[in-house]
Amino acid sequence: MLARTLAVLSIVLLTLLLPVIGTASTAETIIGKVVGVHDGDTLTLLDDSNRQKKVRLAEIDAPESHQPYGSRAKQELSELAFGRSAAVQVQDIDRYGRTVGRITVDGVDVNAEMVRRGAAWVYRKYVKDQSLFTIEQEAKDAKAGLWALPEADQMPPWEWRKMKKSRTK
């Protein structure tokens, strides 16, 4: 009877602790040099162990490469980060195996700066930092970056991807 009680207790404790353990493993900071920029929200970081890590900027979504402002968003991220030392505050690992995090370069929050420059939207589905909405609204009001495009070209990337996917069916 004691063995069964201990087994049940162990399962209950494991069930309660698993979410905490999973979160703790991603609460790290990676330091490295930005050696590649793939698009407006993804870059490659060379860490201290000389390993390349693909990093997706958390909480924002930049236009896709073939979407209006897509190549300009990539240029903006390159201006902010390429060739520089960066710190990535890891939030998650996505389904593609990319590290997802907030990136800081020379004291600048790159994720927020991309929104401020009008080079990315706040990613509504994944946003944690509510102040990004204020930054986005200020960029819209100032017609910064993509907000200067005709309204028809201001399609959020998640809608653009969905539209593109439905066309290929």
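This tour moves through a predicted model, from the overall fold to the nonpolar core and then to the salt bridges.

**The whole chain**

Begin with the entire protein displayed as a cartoon and coloured by secondary structure. Five helices and eight strands should appear. Followed along the sequence, these elements run in the order α-β-β-β-β-α-β-β-β-α-β-α-α. The protein has 169 residues, of which 39% are buried. Among contacts with a separation of 6 or more, 58% are between residues 24 or more positions apart. Switching to a surface representation displays the exposed area of about 10,200 Å², to which carbon and sulfur atoms contribute 56%.

**The nonpolar core**

Nonpolar side chains tend to be buried together in soluble globular proteins. Here, the largest nonpolar core comprises 34 residues. Select L43, L45, L57, L77, I103, V110 and M114, the residues with the most contacts inside this core.

Next, centre the view on I103. Which residues beyond its neighbours within four places in sequence are in contact with I103? They are L43, V55, L57, A86, A87, V88, V108, D109, V110 and N111. Three of these, L43, L57 and V110, also belong to the group with the most contacts inside the core.

**Strand β5 and V88**

From I103, step across to its contact V88. V88 is located in strand β5, which covers residues 85-93. Its relative accessible area is 1%, so V88 is classed as buried. Display the surroundings of V88: apart from neighbours within four places in sequence, its contacts are E28, T29, I30, L45, V55, T99, G101, R102 and I103. Then draw a distance between the C-alpha atoms of V88 and T29; these residues are 59 positions apart in sequence, yet 5.3 Å apart in space.

**Salt bridges**

Side chains of opposite charge can pair when their charged atoms come close. Over the whole structure, 16 salt bridges are found. Three of them are visited here in turn.

Select E79 and R117, whose closest N and O atoms are 3.6 Å apart in a salt bridge. This pair links distant parts of the chain, 38 residues apart: E79 belongs to helix α2 (residues 70-81), while R117 is in the loop between α3 (110-116) and β8 (121-122). Are these two residues buried, exposed or partly exposed? E79 is partly exposed at 45% relative accessibility, and R117 is also partly exposed, at 26%.

Move to R124 and E136, which form a salt bridge with the closest N and O atoms 2.6 Å apart. Here too the pair links distant parts of the chain, with R124 in the loop between β8 and α4 (131-141), E136 in helix α4, and their positions 12 residues apart. The two partners fall into separate accessibility classes: R124 is partly exposed, with a relative accessible area of 38%, whereas E136 is buried at 2%.

Now widen the selection to R72, E76, E79, E113, R116 and R117, which are joined into one network by salt bridges that share partners. E79 and R117, visited above, are both members.

Finish at R98 and D94, whose side chains form a salt bridge with an N to O distance of 2.6 Å. Residues count as buried under 20% relative accessible area. R98, at 16%, is therefore buried, and D94, at 18%, is buried as well.

Terms used
Residues numbered from 1 in each chain as written. Predicted model: local features only at pLDDT ≥ 70, side-chain atom pairs only at ≥ 80, totals over all residues. Heavy atoms only, no water. Salt bridge = Lys/Arg side-chain N within 4 Å of Asp/Glu carboxyl O. Helix = DSSP H or I, 4+ residues; strand = E, 2+ residues; numbered from the N terminus. Buried < 20%, exposed > 50% of the residue type's maximum accessible area, 1.4 Å probe, protein only. Core = buried A, V, L, I, M, F, W, Y, C linked by side-chain atoms within 4.5 Å. Contact = heavy atoms within 4.5 Å. Areas by Shrake-Rupley, 256 points an atom, 1.4 Å probe, with all protein chains shown as cover.
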